[in-house]
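Me: I'd like to learn how to read a fold at my own pace. Could you walk me through one, feature by feature?

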Amino acid sequence: MWVVWRGQLCRALWGSRAPAASSRPRSAEAGSLPAPRCWSCGIALPTPGGLPRFCPACQALQPPESQPDLFRLMDCDRSFNINVQQLQQRFRSLQRSLHPDYFSQRPQKERDFSEQHSSLVNRAYQTLLSPLRRGLYLLELNGVELAKGTDSDIDVEFLKEIMEINETLAEPNNEAKIEEIESFIEVKREELTKDVSKAFERDDLQEAKKLLAKMKYFENLEDKVKSKKNPS
């Protein structure tokens with residue numbers, strides 16, 4: 001029964017991309033790493049395989065990759081502009097299929113893999129859902145990172161604007177001003193999101209980097225606004 005259910009799940013997750021089962025390892029190309037093997041039955045796993053990967057022979061869940069492509073995992077194009085509805089559908093599908101309850105009668109190793117995959121799917125979803133985190137991840141994939149502890153790429157006028165907002169947030173009895181700041185932050189985030197999208201479309205990674213740095217400032221401001229409105 002388990003094998004039948006896992007087979008149906010593999011087809012649902014992989015669709016037409018599902019690899020065919022093979023009992024013989026593929027011959028490794030010169031200089032390439034040997035094909036990974038199923039931890040449960042030992043057969044060579046097809047490459048590339050679906051994500052998450054199940055053994056095509058025994059249907060055992062395999063461990064997650066050490067550095068998975070989050071776009072590929074969530075079945076999204078590697079782009080700043082993604083289909084959010086498609087992302088959400090993929091997330092719900094993976095959540096159901098990888099839930100630890102489905103693996104309660106499986107070996108401990110497979111239960112551990114299920115928890116690791118579930119954690120990875122949650123991280124991938126949160127990363128790709130947020131325009132800021134999605135943009136930063138795209139930069140990371142292209143070997144570009146935001147400089148930490150420096151504002152060298154941010155113009156002075158922008159920093160002054162952020163400083164003034166911080167000073168306003170620090171004032172007592174400023175509920176009306178907080179509402180104004182919250183609306184202002186939302187407008188600026190929408191503007192920056194559009195500008196970041198255009199920068200990635202032009203493949204201008206340095207411009208995208210500068211814009212994402214500004215988005216990060218506004219995300220920090222948003223956290224401060226939430227803290228002011230909902231003090232612990």
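Reply: We'll go from the whole chain to one helix, then to the cores and two loop residues. Bear in mind that this is a predicted model, where local features need pLDDT of at least 70, side-chain atom pairs count only at pLDDT 80 or more, and totals for chains, interfaces and linings use all residues. Residues are numbered from 1 along each chain as its sequence is written, and side-chain values use heavy atoms, with hydrogens and water left out.

Me: How many helices and strands are in the chain?

Reply: Helices (H or I, at least four residues) and strands (E, at least two) are DSSP runs, numbered from the N terminus. Here you get eight helices and zero strands.

Me: What share of the chain is buried?

Reply: Buried means under 20% relative accessible area, exposed over 50%, and partly exposed in between (1.4 Å probe, protein chains only). Of the 232 residues in this chain, 38% are buried.

Me: And which contacts should I look at along the sequence?

Reply: A contact means heavy atoms within 4.5 Å. Take the contacts in the chain with a separation of 6 or more: 61% of them join residues 24 or more positions apart.

Me: Let's zoom in on a helix. How far apart are the end C-alpha atoms of α6?

Reply: The expected span of a helix is 1.5 Å times one less than its number of residues. For the 15 residues of α6 (residues 156-170) that gives 21 Å, and the end C-alpha atoms are 21 Å apart, so the two agree.

Me: Which residues of α6 are buried?

Reply: An α-helix has 3.6 residues a turn, so residues three or four places apart point the same way. In α6 the buried ones are Phe158, Ile162, Ile165 and Leu169. They cover an arc of only 60° around the axis (taken from the directions from the helix axis to the C-beta atoms), which puts them on the same side of α6. Val156, Glu157, Met163 and Ala170 are exposed on the other side. The cover over the buried residues includes α7 (175-201) and α8 (205-229).

Me: Which residues have the most contacts inside the largest nonpolar core?

Reply: A nonpolar core is a set of buried Ala, Val, Leu, Ile, Met, Phe, Trp, Tyr and Cys residues joined through side-chain atoms within 4.5 Å. The largest one here has 48 residues, and Leu73, Met74 and Phe200 have the most contacts inside it. Elements giving two or more residues to this core include α3 (84-97), α4 (108-129) and α6. The top contributor is α8, with nine residues. Look at Phe200: beyond its neighbours within four places in sequence, its contacts include Phe80, Leu138, Leu205 and Leu212. Apart from this core lies another, of six residues, among them Ile43, Leu45, Cys55 and Ala60.

Me: Now a polar residue. Is Gln62 buried or exposed?

Reply: Gln62 sits in the loop between α1 (2-14) and α2, and with a relative accessible area of 3% it is buried. For polar contacts, look for a pair of N or O atoms within 3.5 Å; within protein, one must be able to donate a hydrogen and the other to accept it, and residues adjacent in sequence count only if both atoms are side-chain atoms. The Gln62 side chain reaches the backbone nitrogen of Trp39 at 3.4 Å.

Me: Where is Trp39 found?

Reply: Trp39 is in the loop between α1 and α2, and at 26% relative accessibility it counts as partly exposed. A polar atom of the Trp39 side chain lies 2.8 Å from the backbone oxygen of Leu61.
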